[in-house]
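Colleague: I have a few questions about how the ligand is held. Can we go through the reasoning?

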Amino acid sequence: MRAIVADGTGAPDVLSLAELPDPEPAAGEVLVKVAATAVNRADTLQRQGLYPPPPGASDVIGLECSGTVVALGEGVQDWQVGDEVCALLAGGGYAELVAVPSGQLMPVPEGVSLTEAAGLPEVAATVWSNVFMLAGLKAGERFLVHGGAGGIGTFAIQLASALGAEVFTTAGSPEKLAVCADLGATRGINYREESFVEVLKDAGGADVILDNMGASYLSGNVKALATAGRLVVIGMQGGVKGELNLGMLLNKRGAVHATSLRGRPLEEKAAICAGVVEHVWPLVAAGRVRPVIHTSMPLAQASAGHRLMEESGHVGKILLTV
Ligand SMILES: NC(=O)c1ccc[n+]([C@@H]2O[C@H](COP(=O)([O-])OP(=O)(O)OC[C@H]3O[C@@H](n4cnc5c(N)ncnc54)[C@H](OP(=O)(O)O)[C@@H]3O)[C@@H](O)[C@H]2O)c1
């Protein structure tokens with residue numbers, strides 16, 4: 001098969017297309033002929049040598065894909081050759097073929113093309129597992145998502161607002177905030193001009209915060225929480241070491257979580273994917289949550305996709321088609 005390989009670690013141009021042996025589906029796995037994959041921040045870190053694949057995962061970059069089932073490993077009963085699917089991966093997506101644990105396959109939601117579906121697994125699984133399964137966001141609660149114009153942000157705004165939350169979000173330009181408003185955000189905050197802490201304090205605090213920044217926003221996020229608020233850190237774009245005011249957290253009876261999806265046990269990932277299919281796909285099929293695609297480019301141009309993400313020139317997902 002052809003796949004993207006990295007010639008060492010470093011800038012996006014270490015990535016190029018090469019021939020690799022076809023993967024074989026192990027017991028419990030399904031072989032997928034990839035139609036499209038998508039760029040994630042974690043891929044750019046892996047390329048730089050900062051986020052190695054977990055033990056047993058493919059060395060090929062790529063955390064999600066869409067495509068067609070072409071072979072079944074021993075014991076797989078839930079899928080058939082020919083099924084059109086999308087999948088959450090621990091790696092291997094930037095390739096013509098990928099072997100996937102069967103619990104991480106999901107049907108392509110109604111109303112979404114096979115190519116567009118490549119941009120859904122990471123955002124749907126991340127937002128569903130963190131904002132709803134872990135932080136328990138409920139209808140009527142106030143939700144703050146940082147980086148509202150990114151892949152995660154555009155999905156989180158739509159899902160939280162479809163499920164009845166009041167959505168606040170941050171982004172770095174008026175143009176990006178306009179997109180966030182179209183997706184359902186009731187209050188956009190240009191983080192270059194306004195303090196999200198003051199905006200949230202004035203509004204009564206956030207019941208749930210989904211944070212991509214880590215250290216640089218930790219103290220502000222705790223200040224912005226409402227009583228019994230839950231902060232979930234999923235990204236460290238602003239560093240890894242911050243200062244946590246436990247006195248303030250204690251007074252608010254708040255919670256701070258930090259999670260990652262990629263290294264979780266297969267059963268947990270399967271439970272998350274099942275939750276996505278049950279709770280999120282119907283909203284996608286109804287058109288209330290839709291994939292937000294910035295652009296799609298051929299897999300061979302993966303380095304250009306990485307450059308675009310690192311410049312934050314995108315809104316939503318960057319797809320790579322095979
Ligand atoms: N833990 C997990 O399991 C998990 C899973 C998936 C993703 N993630 C993480 O989640 C984060 C978002 O992922 P993604 O795929 O959505 O990436 P993305 O599309 O690149 O979105 C990141 C967004 O952050 C915004 N941003 C940059 N500086 C900011 C600041 N100071 N305040 C607020 N926003 C700022 C960027 O645009 P503007 O500055 O122009 O607004 C961009 O829209 C990444 O850090 C990623 O690693 C974690």
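**The ligand and its shell**

Modeller: This is a predicted model. Helix H2 (121-134), helix H3 (151-162) and strand S9 (166-171) each give at least two residues to the shell around the ligand.

Colleague: What makes a residue one of the 25 around the ligand?

Modeller: A heavy atom within 4 Å of the ligand. Arg 41, Ile 152, Lys 176, Tyr 191 and Tyr 217 come nearest among the 25.

Colleague: Why is the link between the ligand and Arg 41 called a polar contact?

Modeller: The cut-off is 3.5 Å between N or O atoms. A side-chain N or O atom of Arg 41 is 2.6 Å from a ligand oxygen, so the pair counts.

Colleague: Which value does His 314 give?

Modeller: For the side chain of His 314, an N or O atom is 2.7 Å from an oxygen atom of the ligand. The protein buries 89% of the 900 Å² that the ligand exposes when taken alone.

Colleague: And what is the distance for Asn 212?

Modeller: A polar side-chain atom of Asn 212 is 3.0 Å from a ligand oxygen. The limit is 3.5 Å, so this pair counts too.

Colleague: How do you know that the ligand lies between domain 1 and domain 2?

Modeller: Domain 1 (2-120 + 262-321) and domain 2 (124-258) both contribute residues to the shell, so the ligand lies between them.

Colleague: Which pocket holds the ligand?

Modeller: The largest pocket. By class, the shell has nine nonpolar, 13 polar and three charged residues.

Key. Residues are numbered from 1 along each chain as its sequence is written. This is a predicted model: local features need pLDDT of at least 70, side-chain atom pairs count only at pLDDT 80 or more; totals for chains, interfaces and linings use all residues. Side-chain values use heavy atoms; hydrogens and water are left out. A polar contact is a pair of N or O atoms within 3.5 Å; within protein, one must be able to donate a hydrogen and the other to accept it, and residues adjacent in sequence count only if both atoms are side-chain atoms. Accessible areas come from the Shrake-Rupley method with a 1.4 Å probe; for residues, only the protein chains shown count as cover. On a 1 Å grid over the protein atoms alone, a cavity is a set of points where a 1.4 Å probe fits but cannot get out, and a pocket is an open set with protein on both sides within 12 Å along at least five of seven lines; lining residues have an atom within 4 Å of a point. A molecule sits in a cavity or pocket if more than half of its atoms lie within 2 Å of its grid points. Helices (H or I, at least four residues) and strands (E, at least two) are DSSP runs, numbered from the N terminus. Ala, Val, Leu, Ile, Met, Phe, Trp, Tyr, Cys and Pro count as nonpolar, Asp, Glu, Lys and Arg as charged, and the others, Gly among them, as polar. Domain bounds come from an automatic or database domain assignment.
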